[in-house]
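Good morning, colleagues, and thank you for your time. I shall present one protein structure today, and I ask that you keep the display in view while I speak.

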Amino acid sequence: MNTFYKADIEEQETQIIIDYKGKNTIIYTTLKSVYDKCVQKLGKPTKTYFTKGKISGAYWKVPFEDKKKSGYIFSRPTLIGQRK
């Protein structure tokens with residue numbers, strides 16, 4: 001399995017995009033902890049980004065009809081977790 005690219009904390013982010021026209025919720029992250037949680041709950045990413053052969057981020061596109069996965073994207077533990 002590929003390892004995760006270690007980026008400075010200032011460069012790490014998670015974004016949620018609501019695409020009303022395409023009827024999708026998109027979550028994009030460069031945080032390893034959020035990436036791991038999303039892989040467990042949402043499955044394989046729609047697209048994975050690599051830097052120097054290591055995973056540096058990914059996004060998942062979830063249709064509005066999938067209420068369970070969409071709800072997971074907006075959950076506090078997913079977005080914030082145990083960050084200090």
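**The residue after helix α1**

Let me begin at the end of a helix. Helix α1 is followed by Gly43, and the phi of Gly43 is positive, near 90°. Before going further, I should state that the model before you is a predicted one.

Which residues other than glycine also have a positive phi here, Lys23 being one of them? Lys23 has a phi near 55°, and its place is the loop between β1 and β2. A second case is Lys52, whose phi is likewise positive and near 55°. Lys52 belongs to the loop between β3, residues 47-51, and β4. As background, most residues other than glycine have a negative phi.

The accessibility of these two lysines may be stated as well. Lys23 has a relative accessibility of 48%, so it counts as partly exposed, since the exposed class requires over 50%. Lys52 has a relative accessibility of 75% and therefore counts as exposed.

Let me now turn to the overall architecture. The protein contains 3 helices and 4 strands. In sequence order, these elements follow the pattern β-β-α-β-β-α-α. The radius of gyration is 13 Å, close to the 12 Å that the globule rule gives for 84 residues, so the protein is as compact as a globular protein of that length. Along the principal axes, the C-alpha trace spans about 35 × 30 × 20 Å.

Some totals complete this part. Of the 84 residues, 30% count as buried. If one takes the contacts between residues at least 6 apart in sequence, 55% of them join residues at least 24 apart. The protein exposes about 6,000 Å², and carbon and sulfur atoms supply 53% of that area. As for charge, there are 17 positive and 8 negative charges, and their mean positions are 6 Å apart.

I return now to helix α1, residues 32-42. Which residues of this helix are buried? They are Val34, Tyr35, Cys38 and Leu42. These residues cover an arc of only 100° around the axis, which puts them on the same side of α1. The general background is that an α-helix has 3.6 residues a turn, so residues three or four places apart point the same way.

What covers this buried side of the helix? The cover of the buried residues of α1 includes strands β1 (14-19), β2 (24-29) and β4 (54-63), together with helices α2 (67-73) and α3 (76-79).

Val39 also lies in helix α1. Is Val39 buried, partly exposed or exposed? Its relative accessibility is 32%, and Val39 therefore counts as partly exposed, the buried class being reserved for values under 20%. The C-alpha atoms of Val39 and Ala58 are separated by 9.9 Å, and the two residues are 19 residues apart along the chain.

Ala58 appears again when we consider strand β3. Lys47 lies in that strand. With its neighbours within four places in sequence left aside, Lys47 is in contact with Ala58 and Tyr59. Lys47 has a relative accessible area of 39% and is partly exposed. Between the C-alpha atoms of Lys47 and Thr3, the separation is 16 Å, and these residues are 44 residues apart along the chain.

My last residue is a proline. Pro77 is found in helix α3. At a relative accessibility of 47%, Pro77 counts as partly exposed. How far apart are the C-alpha atoms of Pro77 and Lys61? They are separated by 19 Å, with the two residues 16 residues apart along the chain.

To close, I would recall two points. The buried residues of α1 lie on the same side of that helix, and the cover over them includes both strands and helices, among them β4 and α2. A positive phi is found at Gly43, at Lys23 and at Lys52.

Note on methods
Residues numbered from 1 in each chain as written. Predicted model: local features only at pLDDT ≥ 70, side-chain atom pairs only at ≥ 80, totals over all residues. Heavy atoms only, no water. Rg over C-alpha atoms; globule rule 2.2 N^0.38 Å. Buried < 20%, exposed > 50% of the residue type's maximum accessible area, 1.4 Å probe, protein only. Contact = heavy atoms within 4.5 Å. Areas by Shrake-Rupley, 256 points an atom, 1.4 Å probe, with all protein chains shown as cover. Lys, Arg positive; Asp, Glu negative; His and termini not counted. Charge placed at Lys NZ, Arg CZ, Asp CG, Glu CD. Arc of directions from axis to C-beta.
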